[in-house]
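Colleague: Please take a close look at one part of this model for me. I would like the whole account in one go.

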Amino acid sequence: MVPYRLIRSRRKSVTLLITKDAALEVRAPLRISKKEIDRIVASKQSWINMHLGKAKEREANRTAFSLSYGDTVLLRGREYLIVARPGVKAGFAECGMCPGSGAADIGYMEPLDRLSGCGSDCTLNSAPDRAHIDLGNRGSTVLADRGFICLPPGLSPEEIKRSVIVVYRSAAKQLLTGRVAHYAKQMGVVPAAVRVTSARTRWGSCSSADSINFSWRIVMADDDVIDYVVVHELAHIVEHNHSDRFWRIVASVLPDYKQRRQRLKVLQQRLSNEDWG
Ligand SMILES: [Zn+2]
């Protein structure tokens, strides 16, 4: 039998759960016998094996998670190719234009139509929604969905991850400020403050003083999903709970919020396999 951690308390039923570190935990009433608990655990063997297997796989993926040039990262639901660009500050570049040196500001860049080709070691063929990049001396050809995240060359995987997070935070600040302003006006609410945090398990939160926080991780979601999180937190200014009234407010702004919330869960699942610190 799979070893398990037993926690007894004044509860009425036995519950099995798989912890984040891929272990089995059994919560049981004070008076039930060990033999009976073993019997219950044995009867759930296939459920346990399946979920333990998944949890172990996620844990292994998280440990192995590492970013290198040529990998892609998500921004607003699209994949961006990590490219090395000498003399360019870290930032996202949209569209099929070549991210040229000196043209990029730090942080988030909206469509960079102004950029001209940089003539460095990449060749680009732009199509409406796709950029085709041949990464010079790496010799690999990768299809990226529209954009790049440009970083200085020579960074270690850990430095790449940290740089990408800096860019994500900047993107989050800019994007969320705009979306909050838009929906706050529409919903007739005024947040006391809007902050970007590093929260791991919450996409957003609203304090009792109506200050709203968003995890920078939310910028990986597509715009419809980001808007759902924004509207959700703004609705908490009116209803500091998840009552029917609260959900009616959310639905009045975004009638399809349930689909958006479902897509957020898909992203959550992807992120449970990635260790962003
Ligand atoms: Zn909520």
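Modeller: What follows is a look at one sheet and the helices beside it.

This is a predicted model: local features need pLDDT of at least 70, side-chain atom pairs count only at pLDDT 80 or more, and totals for chains, interfaces and linings use all residues. Residues are numbered from 1 along each chain as its sequence is written.

Start with helix 3, residues 157-187. Helices (H or I, at least four residues) and strands (E, at least two) are DSSP runs, numbered from the N terminus. Helix 3 has 31 residues and spans 43 Å from first C-alpha to last, close to the expected 45 Å (1.5 Å times one less than the number of residues). Its buried residues include Ile160, Val164, Val167, Ala171 and Leu175 (buried: 20 or more other C-beta atoms within 10 Å of the residue's own, C-beta atoms being placed from the backbone). An α-helix has 3.6 residues a turn, so residues three or four places apart point the same way. Gly188 follows helix 3, with a positive phi near 70°.

Now the sheet. It is open, with 3 strands in the order 11-13-12 and mixed pairing (strands pair if DSSP finds at least two bridges between them). Strand 11 (193-197) and strand 12 (204-206) are the edges; each has a single partner strand, so one side of each lacks a neighbour in the sheet. Strand 12 and strand 13 (residues 211-215) pair antiparallel over 3 bridges. Ser205 has Asn213 of strand 13 as its bridge partner.

Helix 3 packs on the sheet, touching strand 11 and strand 13 (contact: C-beta atoms, placed from the backbone, within 7 Å). Helix 4 (residues 223-238) also packs on the sheet, touching strand 12 and strand 13.

Definitions and conventions. Buried ≥ 20, exposed ≤ 12 C-beta atoms within 10 Å, placed from the backbone. Contact = placed C-beta atoms within 7 Å. Axes fitted to C-alpha atoms, helices over the stretch in contact; angles between N-to-C directions.
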